[in-house]
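I am opening a page for a structure that is new to me, and I will write down what I look up in the order in which I look it up.

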Amino acid sequence: AASVDGEVRKIDREQGKLTLRHGAIEHLGMPAMTMVFKAASPQMLDSIKPGDKVRFSADKIDGALVVTAIEAVK
């Protein structure tokens, strides 16, 4: 999956979810928007915080939109 630029708006560690404002995700046919994604692993959420600019990859897994990789960018 291609990397997409975004910004972390909210993190819900209990649910393992994060809200991202992101650019278009071409391979999912998704325009730029703000939405909630599931994190592939809870540890992913430890390296980011709300307000961080990030690059991430997302995919549809079992019908859910899942962030499979994420990193903060300077």
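Entry one. I began with a single pair across two strands, and found that Lys10 stands opposite Thr19 in β2. This is a predicted model, which I keep in mind throughout. Looking at the strands themselves, I noted that β1 and β2 pair in the antiparallel sense, with six bridges between them.

Entry two. I then followed the strands around and saw that five of them close into a barrel, in the order β1-β2-β3-β5-β4, with mixed pairing. From one strand to the next, the twist averages 55°.

Entry three. Next I looked up the largest nonpolar core, which has 19 residues, and among those with the most contacts inside it I listed Leu18, Leu20, Phe37, Phe56 and Val67. At least two residues of this core come from each of β1 (4-12), β2 (17-22), β3 (33-39), β4 (53-61) and β5 (64-72). I picked out Phe37 and, leaving aside residues up to four places away in sequence, found that Phe37 touches Leu18, Leu20, Phe56 and Val67, among others including His22 and Ile25.

Entry four. Is Glu7 buried or exposed? Glu7 lies in strand β1, and Glu7 counts as buried because its relative accessibility is 10%, under the 20% cut-off. The side chain of Glu7 makes a polar contact of 2.7 Å with the side chain of Arg21, and another polar contact, of 3.0 Å, joins the side chains of Glu7 and Arg9. Not counting residues up to four places away in sequence, Glu7 touches Thr19, Leu20 and Arg21, and also Gly51, Asp52, Lys53 and Val54.

Technical notes
Residues numbered from 1 in each chain as written. Predicted model: local features only at pLDDT ≥ 70, side-chain atom pairs only at ≥ 80, totals over all residues. Heavy atoms only, no water. Core = buried A, V, L, I, M, F, W, Y, C linked by side-chain atoms within 4.5 Å. Buried < 20%, exposed > 50% of the residue type's maximum accessible area, 1.4 Å probe, protein only. Helix = DSSP H or I, 4+ residues; strand = E, 2+ residues; numbered from the N terminus. Contact = heavy atoms within 4.5 Å. Polar contact = N/O pair within 3.5 Å; in protein donor to acceptor, adjacent residues only side chain to side chain. Pairing = 2+ DSSP bridges. Axes fitted to C-alpha atoms, helices over the stretch in contact; angles between N-to-C directions.
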